[in-house]
Amino acid sequence: MTNPYAPPRAVVQDIAVSTAGIVPAERGARLGASILDTFIFGVLVYLKKLIGIKVVRSDGSAVSLGRLIWMRNVLNWLINIVPLYGVLDSPFIFAESRQCLHDRIADTIVIKS
């Protein structure tokens with residue numbers, strides 16, 4: 001006798017995936033790609049320092065790393081799913097406050113350093 005309140009059961013067969021023809025990348029190539037990624041990221045980070053600007057809270061206090069990453073970048077990336085958000089975000093720098101939409105969301109401003 002089966003329990004009428006038991007969850008349904010299903011039999012699922014695993015599908016064997018053929019790894020024939022898949023060759024892992026060489027260690028040297030992986031290392032080179034990692035170094036290149038680090039270099040590109042470093043250039044992007046320090047480019048703003050060379051330009052002479054930095055991000056702070058709207059009251060002028062230091063911005064926390066969490067706010068910088070989550071509110072200003074990750075949340076902004078997620079909102080980019082909304083059609084035309086990316087197009088509308090940047091023109092807000094022409095407002096009197098000079099804040100993009102992502103700056104307003106994160107309560108940050110970009111100032112001369």
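1. Let's start on the outside. Leu36, Phe39, Ile40, Val43 and Leu44 make up a nonpolar surface patch, and together they offer about 490 Å² of accessible area. Keep in mind that this is a predicted model.

2. Phe39, one of the patch residues, sits in helix 1, which covers residues 27-51. Its relative accessible area comes out at 56%, so Phe39 counts as exposed, the cut-off being over 50%.

3. On to helix 2, which spans residues 65-79 and holds Arg72. Is Arg72 buried or exposed? With a relative accessible area of 7%, Arg72 is buried, because buried means under 20%.

4. What does the Arg72 side chain make a polar contact with? The partner is the side chain of Thr108, at 3.2 Å. Worth a look in your viewer if you care about that pair.

5. As for the wider surroundings of Arg72, leaving aside residues up to four places away in sequence, it touches Lys48, Val55, Arg67, His102, Asp103, Ala106, Thr108 and Val110. Thr108, the polar partner, therefore turns up in this list too, since contact means heavy atoms within 4.5 Å.

6. Trp70 is in helix 2 as well, but its setting is another story. Trp70 is exposed, with a relative accessible area of 57%, whereas Arg72 is buried at 7%.

7. One last distance for Trp70: how far apart in space are Trp70 and Arg57, C-alpha to C-alpha? The answer is 14 Å, with their positions 13 residues apart in sequence numbering.

Terms used: Residues numbered from 1 in each chain as written. Predicted model: local features only at pLDDT ≥ 70, side-chain atom pairs only at ≥ 80, totals over all residues. Heavy atoms only, no water. Helix = DSSP H or I, 4+ residues; strand = E, 2+ residues; numbered from the N terminus. Buried < 20%, exposed > 50% of the residue type's maximum accessible area, 1.4 Å probe, protein only. Polar contact = N/O pair within 3.5 Å; in protein donor to acceptor, adjacent residues only side chain to side chain. Patch = residues over 30% accessible without salt bridge, like charges linked within 9 Å, V, L, I, M, F, W, Y side chains within 5 Å. Areas by Shrake-Rupley, 256 points an atom, 1.4 Å probe, with all protein chains shown as cover. Salt bridge = Lys/Arg side-chain N within 4 Å of Asp/Glu carboxyl O.
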